[in-house]
Structure formats: structure tokens, C-alpha cells
Amino acid sequence: MANILSDNVFIEKKLRAISDQIESAGGFIHSNVDLSYDGNRFSIHKAGEIAEPHLIKIPDAMLVRYHDFDIDLEGQDIVIAPYESNTSSPQYELFSTILALYNESGVFKNHLETNPWLNYAQAPELMKLLLQSRGGPNLKTISEMLGNEDYKEELALFTFFKKRMAYCQLDQHSDAVTEVYLPLLEFIEHHPYGAPYERLRGEEAAQNCMAIRPATPVAGSDECFSSFGSLDALDAYMHYGKISATAPIVRSIPLSIKLPKIGTVNIRTRNKSLPAKERPEHLRDLGHYLPLFHHRSGSRQIGLSHIIIPNEQAPRSLRRILHEVLIQLEPKLDEHASAPYVEELETIIIDRNLDYYRMIISLIPAATTAGQDSSPRPVFYEAIYNMAMRQIHLLESYNALHGK
């Protein structure tokens with residue numbers, strides 16, 4: 001049984017109801033887990049040693065299929081539409097309790113104020129610039145909804161629940177992949193060195209479940225973190241509405257770079273790496289830094305799934321990848337002959353990314369000082385500013401690391 005830490009009696013009661021229902025369904029919450037609400041956000045902490053491999057296990061019966069429910073907005077509250085298909089669902093009680101938790105805590109109201117896509121009308125030029133930097137089906141869906149009043153409520157719910165769900169196969173491996181809401185697990189914030197979600201089946205657990213190991217990567221803190229992959233600050237913001245102050249990398253914006261006599265390098269922003277078994281031996285240690293290469297022999301065009309600008313933990317990864325790009329375009333180049341082109345590519349990538357984030361900063365209104373005519377800057381601007389400054393800091397640090 002988890003410990004509940006909140007001075008809000010209503011929220012404490014709802015957290016207890018959620019954890020009790022999960023444990024009654026065969027789930028597991030370690031007794032040294034603190035479920036915390038501090039008046040601003042929910043979080044999960046270690047309250048002592050955890051010898052077991054997992055912190056929390058949520059059985060499949062408590063993983064709410066998002067599209068099984070019809071949910072609506074009443075003012076600034078989320079409600080479940082009173083259809084029989086909703087109320088007869090075995091997860092109805094759990095999901096109703098969760099929604100009451102969001103409405104009472106103000107988490108959803110805060111989302112309405114801070115989410116950039118819901119505040120599109122206040123800064124359309126800035127929002128369009130952000131959308132140019134990343135791709136994927138979810139962002140395509142968001143871009144199609146923007147500015148359309150008919151989709152206003154749908155966009156609010158989609159962006160809120162998107163960061164609280166995962167895609168998985170429930171029950172059997174042959175079942176279709178579906179979006180499921182993750183009760184309790186969604187309280188665990190992202191950190192690049194956090195723990196990934198794990199699917200436990202068969203001999204690993206008494207019943208199929210979603211689980212997570214205890215990971216406390218922030219020095220001096222007992223807060224547990226999950227990892228959604230190699231996200232930079234912009235990835236985390238665009239997809240989850242979170243600012244990652246600890247993001248250690250920058251994923252380049254989309255770029256097309258033409259090098260005379262060599263060819264054209266097209267950089268995309270897919271969060272995918274070359275599978276380990278397909279990596280050439282001399283690049284195997286690059287892990288998630290290594291992109292997917294799209295190149296036909298003899299072609300003067302090469303496509304990369306992504307380019308990551310690293311920190312001091314992998315200072316030469318970018319240059320090694322750029323060298324590989326060049327020798328695929330021009331196999332006659334040796335390491336010495338390719339060096340000037342590597343430096344040219346590196347400089348262009350860093351400079352164009354810096355230009356992009358500085359342009360974002362230039363579109364954010366300056367903070368006002370106290371006075372009769374002053375008005376506070378909308379809160380979502382602060383998040384965008386902090387994200388852009390984090391990216392600029394990492395890019396400038398990369399330059400400094402290489403004496404530029």
C-alpha cells in the first residue's frame with residue numbers, strides 16, 4: 001500500500017481509491033512509494049529501500065482503453081458522457097475517480113492555460129514556427145485542429161491525455177495495438193535517465209501488466225522518473241507539454257544542406273535509431289546517436305532520420321556520424337580529406353539551429369515590469385522561452401566544447 005502525501009483531503013481520498021482499486025485487481029504498489037500532490041503537480045517518490053525489481057505494476061484490467069470512453073468538457077471540467085457503453089465498462093469507476101482528481105487539483109485547468117496549441121490564437125506565427133521543427137502523426141493531427149473552433153474541445157482533450165497514455169497490445173500478442181491510459185504511472189515525470197515502461201507477461205508476472213522500475217536520477221532527490229526515449233527539450237515540449245531542464249542533447253531541426261562537389265544532406269527529426277544488429281562495427285557504440293541512413297550507391301543525396309548534437313558525454317559522436325555521411329556520398333574521401341567537410345557540416349548544423357531558437361526568442365514578448373500599464377506575459381510563453389534557452393545553452397556549450 002502506497003503512502004499518500006497531500007494536505008488536500010479530497011485528493012488524498014481519490015488517490016487512495018485509485019491505488020486500492022489497482023491493488024484489488026491484482027496490481028502492485030510498493031509500500032515504500034509516496035504518491036504526492038504538492039498543490040501544483042502529482043509526483044511519485046521512494047520513501048525507503050525497494051528490493052523488488054519494480055516500483056509499480058498496473059494489471060491490464062486497469063489499463064483504460066482511451067477510445068472505449070466518450071469524454072466531454074463541462075466548462076473547465078472533464079466528464080464521462082453518461083452512455084451505457086461508458087458506465088458498463090469495468091474501468092468506469094477508476095476513470096471517473098481519475099477525472100475527479102484532475103478537476104479538483106486544477107491540473108486540467110492549468111493545461112488549458114499553458115498548452116501552446118490551445119493558445120494558438122495568441123501567437124500563430126510562433127506556433128507555426130514550432131510546428132515546422134518536428135513531425136509525426138500526432139503533430140499532424142494537432143496542426144489540422146489548430147484554429148478550428150469545431151475542434152477546440154477535442155484538441156484540449158487530445159493534448160491533455162496524449163502525454164498520459166502509451167501504445168501497447170493488451171491481453172494477447174495478436175491483439176491490435178491500442179492507446180491505453182496509465183493510472184498512477186502517468187504521475188512519473190520524464191527524465192532521459194529514467195526507467196522505461198515495461199510490459200510483463202507470462203512467467204514475469206501473475207497477470208499481464210505495465211510496470212516500471214525505481215529510478216531516481218536527480219542527485220539529492222528521491223523522486224522517481226520514467227524515460228520516453230532520447231528526447232530533447234523541444235521534443236518533450238511539443239509532444240508532452242513538459243519542459244525538460246535536464247535534457248542533455250539537442251535534436252536538430254529539419255535541414256537540407258548542399259555541399260558543392262559532394263552532395264546534399266537531408267536531415268529529418270524522427271526519433272529512431274539504427275537497430276543494433278544493423279549497425280556497422282565501427283559505429284556500434286553510438287547507440288541512439290546513430291541515425292537511419294537513406295542512400296543509394298552513387299547518389300548525391302543522403303537522408304538521415306535525425307541528427308543529435310551531444311554534450312560532453314559523447315563529444316565526438318556528431319563528427320563521427322558526419323564523417324560516415326561524407327564517405328557514403330563520396331567513398332574516395334579518407335578521414336583526413338573529409339575533415340574540412342565534417343567541420344563545414346557541423347558548423348552549418350549548429351548555426352542554423354541557433355538561428356532557429358534565437359528566432360523563437362525574438363517572437364516572445366518581453367516580460368513586463370510592475371506598473372499601472374503592465375500586464376503579465378501569458379504563462380505558455382514562459383515555457384517556450386525556457387525550452388528555447390535550454391536548447392541555445394546546449395548548442396553554445398557544444399561549440400565551446402570544440403573550441404568555437
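This text goes from the whole chain to a sheet, a loop and a hairpin.

The model is predicted. Its protein chain contains eleven helices and 20 strands. The radius of gyration is 23 Å, close to the 22 Å that the globule rule gives for 404 residues, so the chain is as compact as a globular protein of that length. Along the principal axes, the C-alpha atoms fill a box of roughly 65 × 65 × 45 Å.

Some totals describe the chain further. Of the 404 residues, 50% are buried. The accessible surface comes to about 19,400 Å², and carbon and sulfur atoms account for 49% of that surface. Among contacts between residues at least 6 apart in sequence, 65% join residues at least 24 apart. The chain has 39 positive and 52 negative charges, and the mean positions of these two sets are 9 Å apart.

Next comes a sheet. Strands of a sheet pair through backbone hydrogen bonds, in either a parallel or an antiparallel way. One open sheet here has four strands in the order β2-β5-β13-β12, and the pairing is antiparallel. Its edge strands are β2 (28-29) and β12 (198-200), each of which pairs on one side only. Strand β12 is joined to β13 (residues 209-212) by three bridges in the antiparallel sense. In one of these strands, β13, Cys209 is the bridge partner of Leu200.

A loop residue is worth locating too. Pro183 sits in the loop between β10 (177-181) and β11 (189-195). Is Pro183 buried or exposed? Residues under 20% relative accessible area count as buried. Pro183 has a relative accessibility of 1%, so it counts as buried. Apart from neighbours within four places in sequence, the residues in contact with Pro183 are Ile22, Ile58, Met62, Leu63, Leu94 and Ile98. Ser143 is 40 residues from Pro183 in sequence, and the C-alpha atoms of these two residues are 28 Å apart in space.

The last stop is a hairpin. Strands β16 and β17 form it, with three residues between them. In the turn, Lys261 has a positive phi of about 70°. The pairing of β16 with β17 (residues 263-267) is antiparallel and runs over five bridges. Leu259 stands opposite Gly263 of β17. How do the side chains of β16 (residues 255-259) point, and which are buried? They alternate along the strand: Leu255, Ile257 and Leu259 point to one face and are buried. Ser256 and Lys258 point to the other face and are not buried.

Terms used:
Residues are numbered from 1 along each chain as its sequence is written. This is a predicted model: local features need pLDDT of at least 70, side-chain atom pairs count only at pLDDT 80 or more; totals for chains, interfaces and linings use all residues. Side-chain values use heavy atoms; hydrogens and water are left out. Helices (H or I, at least four residues) and strands (E, at least two) are DSSP runs, numbered from the N terminus. The radius of gyration is taken over C-alpha atoms; the globule rule is 2.2 Å times the number of residues to the power 0.38. Buried means under 20% relative accessible area, exposed over 50%, partly exposed in between (1.4 Å probe, protein chains only). Contact means heavy atoms within 4.5 Å. Accessible areas come from the Shrake-Rupley method with a 1.4 Å probe; for residues, only the protein chains shown count as cover. Lys and Arg count as positive and Asp and Glu as negative; His and the chain ends are not counted. The place of a charge is taken as NZ of Lys, CZ of Arg, CG of Asp or CD of Glu. Two strands pair if DSSP finds at least two bridges between them.
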